[in-house]
Amino acid sequence: MFVRYESIEELEDAIARAFLAARDLDAQGALPPILQPLTLISPPRGFAISVELRPFEDPDHPGEFAEDSRWDPRHGDVLINYEPGREGGWRDDRREGRRGWRDGAPAELPPPPDPELAVEDVVRVLSRAESDPAFTFVALKFLRDQLLPRHVAWAAIPHEAQIQINRAIDAGAVHTTKVENPRQPQYPVTAVKLNRDSTIVQKVLAAEMPPATPAT
């Protein structure tokens, strides 16, 4: 019988308990062989497990998370963390100790950015990513959730990174495209790319260029 959960938090706790149960059943020799690989990602003894489910995100509307009832494993992300904790436990203090998409604003946030400067920040960060040979493309989600928070303070404001990316797209400084998802080809990834013909991009790139060395 399938058990329906009222919220993602309840489902996260149930998954954490399932990992603990798999570990304990394996210790008793009662875990079916087909399920034994689960023990490789079950928490070690003395560690607490924290499971976080990131919900459905429409590829055509990046940044718009759906409600709890629409969790869809075909699109969502699963994050599993282990920390030293009470024996055999799972972490139930997510709202206090974990900064996820549901956790709300931190105690202190930076001031909202100037829109024009924020668009230039987006262009600057994306330009540096595009120049990195490690990236064959830059996913919009990666720019929003990883790159911008690492480089600009205002990206710590909830939803601000997506807002400023949208501004950069509307201004013609950034283009979006679909690229094949190597893990799930049926669900293409939304990628972002600088429009090098944009005056905004040209201004930012010119400011980033090192000064010319005078001829001797």
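This passage describes the nonpolar cores of a predicted model and two of its helices, H4 and H5. Local features are reported at pLDDT of at least 70 and side-chain atom pairs at pLDDT 80 or more, whereas totals for chains, interfaces and linings use all residues. Residues are numbered from 1 along each chain as its sequence is written, and side-chain values use heavy atoms, with hydrogens and water left out.

The largest nonpolar core (buried Ala, Val, Leu, Ile, Met, Phe, Trp, Tyr and Cys residues joined through side-chain atoms within 4.5 Å; buried means under 20% relative accessible area with a 1.4 Å probe, protein chains only) holds 25 residues, of which Val-122, Val-138, Leu-143, Leu-148, Trp-154, Val-174 and Val-192 touch the most other members. At least two residues each come from helices H3 (115-130), H4 (140-151), H5 (160-170) and H6 (199-208) and from strand E5 (189-194), where helices (H or I, at least four residues) and strands (E, at least two) are DSSP runs numbered from the N terminus. H3 gives the most to this core, with 7 residues. Apart from it lies another core, of 7 residues, including Phe-19 and Leu-53.

In H4, the buried residues are Leu-140, Leu-143, Arg-144, Leu-147 and Leu-148. Seen down the helix axis, these fall within an arc of 135° (taken from the directions from the axis to the C-beta atoms), so they line one face of H4. They pack against H3, strand E3 (138-139), H5, strand E4 (174-179) and E5, contact meaning heavy atoms within 4.5 Å.

Within helix H5 lies Gln-162, which counts as buried at 8% relative accessibility.

Conventions
Buried means under 20% relative accessible area, exposed over 50%, partly exposed in between (1.4 Å probe, protein chains only).
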